[in-house]
Amino acid sequence: MTDHTYRILMNGVTGRMGYRQHLLRSVLAIRDDGGIPLPDGSRVQVEPVLLGRNAERLKRLADEHGVAEWSTDAAELVAHDDAPIYFDAQITAARKDALLRAIGAGKHVFTEKPIAASVADGQELVRAATEAGIVNGVVHDKLYLPGLRKLKRVADSGFFGRILSVRGEFGYWVFEGDGQPAQRPSWNYRAEDGGGMVLDMFCHWNYVLENLFGRVRAVTAKAVTHLPQRWDERGEPYAATADDAAYALFELDGGAVAQINSSWAVRVARRELVEFQVDGTHGSAVAGLFGCRVQHRVRTPRPVWNPDEPTDEDFLGQWDEVPDNAEFGNGFRAQWERFLLDVHLGRPHPYDLAAGVRGLRLVDAGLTSSAEGRRVELPEGGAA
């Protein structure tokens, strides 16, 4: 059988996420494993073309990983190269114009989130993609995490009964950069460059909530800049103008309430860097990146509040671990494979630019809530 090779223009691969998750652990892993097998015995194979601004870093990556082509002239390649797919992992501020150029050139597009800096810009992208008739996708990596896949399996089984609440804790301490190098790029903490916790993470929380529990009807949020000064990659101090933490309450379709704390200024006292606790009338679950544990109502203990005596209950030991029951690979690669198959088969990708706009609507509502100190309802009872 003849294999089907798709050239992919990959913009922003010298950045942390673009390189580690999208190039190294997804596209190159697919290439090195011989492609994605199809039912007829053929395979979908990939051929990345590396794009960015730093020629030295691009050449080094290309040489190290056996990639034949790279370029610092992304606009030229997007306009004239016959590659059918464009991927974007640039900083948020550069994303909208790059995606519009790719869509205008008739390319299918797959992009990191947020897809743009505003709802209006996101809607412009949706209109352009619809008119062009291209397959378009937005990274929804957390839906492919083993822990959340197990959580969805639990939810779909009816285990929870009626879901009452969702509580999420996300984040870790990102070093300021003076004593130890920061683990995240400095632009993440400058609002003028597209940084900010709300803009970054509310897009994620929107698709997690709407795909597992129900669309968001209203939000009450508080965005905070806990650390007003940080040090950049050159060791120079700069003003952190973007929010580095957000505390939010989301009201969902069906009546459930979700509370999610997101912070780059928190020290971790959890099993994983993100955890969601879901409580329902029949049972509860706690899911992270990899694990998911449950407690049914017949296993629920009967604690008694007594501040005068230390408790002898092993609360954490009263939960049951959900087994893997499957081999879970890298979540980014799993979505890349789904997107590539959607392009090959000419079918819509389920997590598209319209989903990205719903995420931006939640961002906008969260920032409005924080700035004005009020509850903000989303249109049509959700984040659509």
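What follows is a conversation about helix H1 and an open sheet in a predicted model.

Visitor: How do you know that H1 falls short of a straight helix?

Guide: Helix H1 spans residues 16-32 and has 17 residues, for which a straight helix at 1.5 Å a residue would reach 24 Å, whereas its end C-alpha atoms are only 21 Å apart. H1 also has a kink of about 40°, centred on Leu-23, the angle being taken between axes fitted to the seven residues ending there and the seven starting there.

Visitor: What makes Leu-23 a buried residue of H1, and what covers the buried residues?

Guide: Buried means under 20% relative accessible area, and Leu-23 is listed as buried, as are other residues of H1, including His-22, Ser-26 and Val-27. The cover over the buried residues of H1 includes strand S1 (4-11), strand S3 (43-51), helix H2 (55-65) and helix H8 (331-345).

Visitor: Why are S17 and S18 said to stand at the edges of the sheet?

Guide: The open sheet has nine strands in the order S17-S16-S15-S14-S8-S13-S12-S9-S18, with mixed pairing. Strand S17 (320-321) and strand S18 (376-377) each have a single partner strand, so one side of each is left without a neighbour in the sheet.

Visitor: What makes S9 and S12 a pair?

Guide: Two strands pair if at least two bridges are found between them, and S9 (residues 216-224) and S12 (residues 245-252) have eight, in the antiparallel sense; the bridge partner of Ala-221 is Ala-248 in S12.

Visitor: Which strands does helix H9 touch as it packs on the sheet?

Guide: Helix H9 (residues 353-372) touches S9, S12 and S18, and its direction makes about 55° with that of S9.

Definitions and conventions: Residues are numbered from 1 along each chain as its sequence is written. This is a predicted model: local features need pLDDT of at least 70, side-chain atom pairs count only at pLDDT 80 or more; totals for chains, interfaces and linings use all residues. Side-chain values use heavy atoms; hydrogens and water are left out. Helices (H or I, at least four residues) and strands (E, at least two) are DSSP runs, numbered from the N terminus. The expected span of a helix is 1.5 Å times one less than its number of residues. Buried means under 20% relative accessible area, exposed over 50%, partly exposed in between (1.4 Å probe, protein chains only). Contact means heavy atoms within 4.5 Å. Axes are lines fitted to C-alpha atoms, for helices over the stretch in contact, and angles run from 0 to 180 degrees between N-to-C directions.
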